[in-house]
Amino acid sequence: MLTDAIRYIGFWFSPGLNITAVFYDDDGDIEKAFAWELGFDMIFRSRFTVNLGFGGNAGNYRDSSHFFFNIGNIF
């Protein structure tokens with residue numbers, strides 16, 4: 001069964017603030033962006049890990065978002 005193979009499932013949310021000083025503009029703007037990610041981690045009994053999530057940022061000049069999927073192993 002899949003439930004016998006999974007050791008841990010965790011949900012997480014990570015908010016943040018990114019402030020960048022821009023020197024190539026004549027005005028010397030400061031860009032501000034709110035960054036965030038949310039997703040979940042699964043650790044299997046064989047120490048195999050899977051991370052799946054979605055994140056992005058919203059700022060003065062651009063908005064972006066991304067999906068991510070990581071697999072790995074805990075030594």
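## Surface and overall make-up

In this predicted model, the protein exposes about 5800 Å². Carbon and sulfur atoms supply 61% of that area. Of the 75 residues in the protein, 19% are buried.

The protein has one helix and four strands. Read from the N terminus, these elements follow the order α-β-β-β-β. Among contacts in the protein with a separation of 6 or more, 42% are between residues 24 or more positions apart.

## Nonpolar surface patch

A nonpolar patch on the surface is formed by Phe48, Leu52, Phe69 and Ile71. Together these residues have about 390 Å² of accessible area. Two strands, β3 (48-59) and β4 (63-73), each supply at least two residues of the patch.

Leu52, one of the patch residues, is found in strand β3. Its relative accessibility is 36%, so Leu52 counts as partly exposed; the range for that class runs between 20% and 50%. A patch residue must have over 30% relative accessible area, and the 36% of Leu52 is consistent with its place in the patch.

Leu52 and Phe69, both members of the patch, are 17 residues apart in sequence, yet their C-alpha atoms are 4.6 Å apart in space. With neighbours within four places in sequence left aside, Leu52 is in contact with Gly39, Phe40, Phe68 and Phe69. Of these partners, Gly39 and Phe40 fall within the residue range 30-44 of strand β2, while Phe68 and Phe69 fall within the range 63-73 of strand β4.

## Thr49 in strand β3

Thr49 is also found in strand β3. Thr49 has a relative accessible area of 13% and is therefore buried, the limit for that class being under 20%. Leu52 in the same strand is instead partly exposed.

Apart from neighbours within four places in sequence, the contacts of Thr49 are Met42, Ile43, Asn70, Ile71, Gly72, Asn73 and Ile74. One of these, Ile71, belongs to the nonpolar patch. Met42 and Ile43 lie within the range given for strand β2, residues 30-44.

## Aromatic pairs and cluster

The structure holds four aromatic pairs. In one of them, the ring centres of Trp36 and Phe54 are 5.2 Å apart and the ring planes are at 55°, so the pair is tilted. This pair links distant parts of the chain, with Trp36 in strand β2 (residues 30-44) and Phe54 in strand β3, 18 residues apart. Trp36 is partly exposed, at 23% relative accessibility. Phe54 is likewise partly exposed, at 26%.

Phe54 also pairs with Phe67: the ring centres are 4.8 Å apart and the planes are at 50°, so this pair too is tilted. Because Phe54 lies in strand β3 and Phe67 in strand β4, the pair ties together parts that are 13 residues apart in sequence. Phe67 is exposed, with a relative accessible area of 71%. Trp36, Phe54 and Phe67 form one aromatic cluster.

Technical notes: Residues numbered from 1 in each chain as written. Predicted model: local features only at pLDDT ≥ 70, side-chain atom pairs only at ≥ 80, totals over all residues. Heavy atoms only, no water. Patch = residues over 30% accessible without salt bridge, like charges linked within 9 Å, V, L, I, M, F, W, Y side chains within 5 Å. Areas by Shrake-Rupley, 256 points an atom, 1.4 Å probe, with all protein chains shown as cover. Salt bridge = Lys/Arg side-chain N within 4 Å of Asp/Glu carboxyl O. Buried < 20%, exposed > 50% of the residue type's maximum accessible area, 1.4 Å probe, protein only. Contact = heavy atoms within 4.5 Å. Phe/Tyr/Trp six-rings, centres within 6.5 Å; stacked < 30°, edge-to-face > 60°.
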